[in-house]
Amino acid sequence: MEIVGYADRLRAQPGETVSFKVSCRAPSFRAQLVRLIHGDDNPDGPGSKIDDLDSAANGEYPGRIQELHPGSFVAVPDDPRLQPDGSFTIQAWIYPTTVGKGPQGVVTKWDCNAGIGYGLFVDGDGAVSLRVGDGETVDTVSAGVSMRDAKWYFAAGVYDSQDGSMRVYQTPLDHWPLQDTAAEAGATAAVAPGHSGTGLLIGGCSLGPENVPGTVGGLYNGKIDNPTIVGRALAPGEIAALREDRSSLAGDEDLIAAWDFGRDFSTATVTDSSPNGLHGKAINMPVRAVTGHNWTGREVIFHRAPEQYAAIRFNDDDLDDARWETDFEYVVPEDLKSAMYAFRLTTDDAEDYIPFAVRPGTGAPTARIAFLLGTYTFLAYANEHMANNPVLIEYLEGKGVDVPFPVLPHEHYMVENKLGGLYDLHTDGSGICYSSSRKPILNFRPNNKQRTVGEGMGGPVLLSANLHQMDWMESQGFDFDLITDEDVHFDGLELLSGYNVVVSDAHPEYWTEDMLIALEAYLNAGGRFMYLGGNGLYWITSVDPERPHVIEVRRWNGTGSWRTEHAESHHSTTGEPGGLWRFRGWAPQRLVGVGMTGQGGSGINSAYRRLPGSFDPRAAFIFEGIGEDEVIGDFDTLNLGWGAAGYEIDRADPALGTPPHALVVATATDFDDTFHHVVEEVMHMNSEQTGTTNDQVRADMVYFEYPNGGAVFTTGSIAWGAALSYNDYDNNVSRITANVLRKFASDDPLP
């Protein structure tokens, strides 16, 4: 891409400064502040509505290329004790996952450019190897037998300065006849290891003295468990004892470092438990709280048996912060309207948008209505390329849909730079569980289309879908403030209590516990909530307390694109159990009356038909101007197919918490077989889990009251928002939404 960028934050309030980081191949670029009203340029809808605004930050800036440097590792600062003058032994348990991809550093103090230092590696043939070099000569010994992917191995390298001998050990945790990959090899070194001048790395090797992203090569994929360095050549018997238990080195005066990965799970700190205290720092968020070589299977909660989770999983595409330099800054004016904004970046040949939300100042709401923008959902889907995820490919092929990928320029940029979100896989096939806002997010754009929906043609999702809803409110004369998931997570009830009604976006899927607690308190205190989406309040989401720009999701026992091992389903950042909220007592039905029940292709959706509950006097205000037999949403949506009930849909269920007094006022059934029941509710394999065979595959419209005048109205469909602007906003989806919003925003009591 000729120009691409990101901001240091997704939302701001008056008086705060937003920093913009840009990579541009042209000599210069222009920045223009705009307000985003409607981004979808589909000619059947309202079209693009983006207003240019005056700003002191508008102008022309020098272009420069800023690179992305993905890949995680641990950096230990240089220290004389890490450069033994004589013999040494390096040991670690390793679990490689891309054997044969090229040399990968395990524990190294090795300058890749100068060929100086020492290091334990997985070599290009997939075997454990040891290198020493003095800047002129490099000596290497390899076990010579390729390891198997995703298996634990005891790996050790010994250098004996007395006779210049080198020896490596490669011992699998599991031995199999005819498939044994155990190996041991020795060689003579012509030189002693020189002083590299670099720090020590775990999970890579140095390309420069700084040991920061961009100066590290030989990135390792897989787990490493509790590496150790000893300042002498361990004898074979000592190696055997070390393989059985590292405590055999306790009190050893030659112990240089013994890193304990079973501590500080929620931080970037990597603790050296030896008296030398040669602590390191994890860079680019390698995965913590994962099982080690000694995991027994008796405990699946890492903080109950930390010694069995003393491993870190490294990936060559991890990235928690692009660390780009700032190109310009924008101070949010005190009088700027709460809304969605962006800086449009242009060169003579290219364009990009960097969006950001502006909320009101703390404690200073400007409207009775708050629109809740799902920034954590944005992060979950950041740079998703589900079109090349094997799980999604199989799903799409089952519907006869072929989505070539990558095709568009931003898709090529994502692939070339190893960008991905929580729906994607690392290069070794494991699922991505951390996502960060501090990097380019190419699908966080006003006209974003997800090509795996809309029968492969692409449809508006995330920000472009949310702008449908915000544009509709503007067109109907509703004043509203824009708030975000982050605001609710950090400010909670204090923020929400300033509004009569909070309106959800189309896909409020990722919620933290603090958000759920705040919403429940708000509703019980008399607040009103319009849940105008589907698949909401679904995945357990954590915010890293140390790095609040990072969220974590561990997927298991839910409908998704990958699944973690159950023993690794607890979040490293907070320690809480991951998965679906329903399995922690927070089924969405408990708060909003409906919860995820089906998923489809957004091609042929369905429409709602009124139920007897809609004629209850309590619900009369919802259906003002709607005929008794009128079908609701019986028309095309913007690129999400025919019918206002579709894409992902929710149903009411008293067994999961839908209140007994809740009115199911309408329902959409008649889904075709591209819609499937969610896997978390399928108890055994059978063929009756589709729209034509399972009555659980439906979208329910629900209304119910909370104490003190609070209330909830739900539509249970992502496609609902895409139907609002049909026929120039004159349709029954628009009418019902306006009826409820007008009532909920007022100070009038509910019926």
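Select Gly117 and Gly133 to begin: Gly133, in strand E11, is the bridge partner of Gly117. Keep in mind that this is a predicted model.

**Stop 1: two hairpins**

Now widen the selection to strand E10, residues 116-122, and E11. The two strands pair in the antiparallel sense over 7 bridges. Strands of a sheet pair through backbone hydrogen bonds. Look at the turn next. E10 and E11 form a hairpin with 5 residues between them. Click on Gly126 in that turn; its phi is positive, about 90 degrees.

Colour E11, residues 128-134. Is this strand mostly covered or mostly open? It is mostly covered, with 6 of its 7 residues buried.

Add strand E12, residues 138-142. E12 pairs with E11 over 5 bridges, again in the antiparallel sense. Pick Arg131, and find Thr140 of E12 opposite. These strands also make a hairpin, with 3 residues in between. Gly135 sits in the turn and has a positive phi of about 100 degrees.

**Stop 2: an open sheet**

Select E29, E38 and E37. These 3 strands form an open sheet in the order E29-E38-E37, with antiparallel pairing. Why is one side of E29 (434-436) and of E37 (542-543) left without a neighbour in the sheet? Both strands stand at the edges, and each has a single partner strand, so one side stays without a neighbour.

Zoom in on E37 and E38 (residues 550-552), which are joined by 2 bridges. Here Ser542 has Glu552 of E38 as its bridge partner.

**Stop 3: a buried aspartate**

Jump to Asp316, in the loop between strand E24 (311-314) and strand E25 (328-331). Asp316 has a relative accessible area of 6%, so it counts as buried, the limit being under 20%.

Show side chains. Which ones make polar contacts with the side chain of Asp316? One is that of Lys101, at 2.8 Å. Another is that of Thr427, at 2.6 Å. Leaving out residues up to four places away in sequence, Asp316 also touches others, including Pro70, Leu219, Tyr220 and Lys418.

**Stop 4: the nonpolar cores**

Finish with the largest nonpolar core, which has 116 residues. Select Met340, Tyr608, Trp720 and Phe744, the ones with the most contacts inside it. Helix H9 (residues 732-745) gives the largest share of this core, 7 residues. Another core lies apart from it and has 43 residues, among them Val106, Val107, Met166 and Ile229.

Return to Phe744. Beyond its neighbours within four places in sequence, Phe744 is in contact with residues including Asn500, Arg528, Phe621, Tyr703 and Leu750.

Technical notes: Residues are numbered from 1 along each chain as its sequence is written. This is a predicted model: local features need pLDDT of at least 70, side-chain atom pairs count only at pLDDT 80 or more; totals for chains, interfaces and linings use all residues. Side-chain values use heavy atoms; hydrogens and water are left out. A nonpolar core is a set of buried Ala, Val, Leu, Ile, Met, Phe, Trp, Tyr and Cys residues joined through side-chain atoms within 4.5 Å. Buried means under 20% relative accessible area, exposed over 50%, partly exposed in between (1.4 Å probe, protein chains only). Helices (H or I, at least four residues) and strands (E, at least two) are DSSP runs, numbered from the N terminus. Contact means heavy atoms within 4.5 Å. Two strands pair if DSSP finds at least two bridges between them. A polar contact is a pair of N or O atoms within 3.5 Å; within protein, one must be able to donate a hydrogen and the other to accept it, and residues adjacent in sequence count only if both atoms are side-chain atoms.
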